[in-house]
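The following report describes a protein model for a reader at the bench, moving from single residues to the sheet, the core and the ligand shell.

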Amino acid sequence: MNRRHFLSRVVVLSPLALWIACTKKKETLSEDELKKLREGAKDYHDSIQYVPEGNPIAKALGYVQSPDANTAPDRKEKEGVAAEDQSCENCHFYVIKEGKPYGECQLLLGKGMVKAQAWCKSWAPARKAS
Ligand code: SF4
């Protein structure tokens, strides 16, 4: 192979090699790539507009995002469901966002999302489909 032939091959094959390297599908992600994806998911999750606990309707409902004995002293056993087992995600008024840790509450429509683990005094057990 003479020099001219060699250079013509380099000129033709280099862009091809670069294109293959750029478009090659990765089988696994590095720890850094996974970390960035997780941070992106967290940023996305943090950007969700939740119902503020200070919203007048939310306040009237006693809505709390992290219910426990201190934040939700009114949360008591109801219809056979223990206080600690009551949360938005198993409430009759909860509208599930498939695969998301939040949803909409029919009593707080248009006010933002409610967290799946949140709670309010209007909690009622979700009715099972018949
Ligand atoms: S009514 Fe149900 S879904 Fe709505 S905030 Fe209260 S507990 Fe959550």
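Tyr94 counts as buried because 22 C-beta neighbours lie inside 10 Å, and its place is in strand 1. Apart from neighbours within four places in sequence, Tyr94 is in contact with Cys88, Glu89, Gly103, Cys105 and Ala126. The C-alpha atoms of Tyr94 and Ala116 are separated by 8.5 Å, although these two residues stand 22 residues apart along the chain. It should be said at this point that the model is predicted, and that everything described here is computed from that model.

One of the contacts of Tyr94 is Cys105, which is found in strand 2 and is likewise a buried residue, with 23 other C-beta atoms within 10 Å. When neighbours within four places in sequence are left aside, the contacts of Cys105 are Cys88, Phe93, Tyr94 and Val114.

Tyr50 offers a further case, lying in the loop between helix 2 (31-46) and helix 3. With 16 other C-beta atoms within 10 Å, Tyr50 is partly exposed. Beyond its neighbours within four places in sequence, Tyr50 is in contact with Gln65, Gly112, Met113, Val114 and Lys115.

The table lists C-alpha separations for pairs that include the residues discussed above.

| Pair | Positions apart along the chain | C-alpha separation |
|---|---|---|
| Tyr94 and Ala116 | 22 residues | 8.5 Å |
| Cys105 and Tyr94 | 11 residues | 4.7 Å |
| Tyr50 and Lys115 | 65 residues | 7.4 Å |

Is Glu79 buried or exposed? Glu79 counts as exposed, since 8 C-beta neighbours lie inside 10 Å, and its place is in the loop between helix 3 (56-61) and strand 1. The backbone of Glu79 also deserves a note, for its phi is near 50°, a positive value in a residue other than glycine. Most residues other than glycine have a negative phi.

Turning to the overall fold, the secondary structure of the protein comprises three helices and three strands, and along the sequence these elements follow the pattern α-α-α-β-β-β. The strands form an open sheet with the order 1-2-3 and antiparallel pairing. Strand 1 (94-96) and strand 3 (114-115) stand at the edges with a single partner strand each, so one side of each has no neighbour in the sheet. Strands of a sheet pair through backbone hydrogen bonds, either parallel or antiparallel.

The pairing can be followed residue by residue. Strand 1 and strand 2 are joined in the antiparallel sense over three bridges, and Val95 has Glu104 in strand 2 as its bridge partner. The hairpin of these two strands has five residues between the strands, and within this hairpin Gly99 takes a positive phi near 75°. On the other side, strand 2 (residues 102-105) and strand 3 run antiparallel and are joined by two bridges. Here Gly103 stands opposite Val114, while the bridge partner of Tyr102 in strand 3 is Lys115.

How many residues does the largest nonpolar core have? That core has 17 residues, and those with the most contacts inside it are Val51, Tyr63, Cys88, Val114, Ala118 and Trp119. Tyr63, when its neighbours within four places in sequence are set aside, is in contact with Val51, Glu53, Ala58, Ala118 and Cys120. Over the protein as a whole, buried residues make up 15% of the 130 residues. Among contacts in the protein with a separation of 6 or more, 58% join residues 24 or more positions apart.

The ligand is surrounded by 15 residues, the closest of which are Cys88, Cys91, Cys105, Cys120 and Trp123. By class, this shell has 14 nonpolar residues, one polar residue and no charged residues. Cys105 thus appears among the closest residues to the ligand as well as among the contacts of Tyr94, and Cys88 is both one of the closest residues and one of those with the most contacts inside the largest nonpolar core.

Finally, confidence has to be weighed when the model is read. The protein averages a pLDDT of 83, and 71% of the residues score at least 70. Confidence is highest in helix 3, at a mean of 97, and lowest in helix 1 (residues 3-23), at a mean of 61. Where pLDDT is low, the predicted coordinates should not be read in detail.

Key
Residues are numbered from 1 along each chain as its sequence is written. This is a predicted model: local features need pLDDT of at least 70, side-chain atom pairs count only at pLDDT 80 or more; totals for chains, interfaces and linings use all residues. A residue is near a molecule or strand if its C-beta atom, placed from the backbone, lies within 6 Å of it. Ala, Val, Leu, Ile, Met, Phe, Trp, Tyr, Cys and Pro count as nonpolar, Asp, Glu, Lys and Arg as charged, and the others, Gly among them, as polar. Two strands pair if DSSP finds at least two bridges between them. Helices (H or I, at least four residues) and strands (E, at least two) are DSSP runs, numbered from the N terminus. A residue is buried if 20 or more other C-beta atoms lie within 10 Å of its own, exposed if 12 or fewer, and partly exposed in between; C-beta atoms are placed from the backbone. Two residues are in contact if their C-beta atoms, placed from the backbone, lie within 7 Å. A nonpolar core is a set of buried Ala, Val, Leu, Ile, Met, Phe, Trp, Tyr and Cys residues joined through C-beta atoms within 7 Å. pLDDT is the predictor's confidence in each residue, from 0 to 100.
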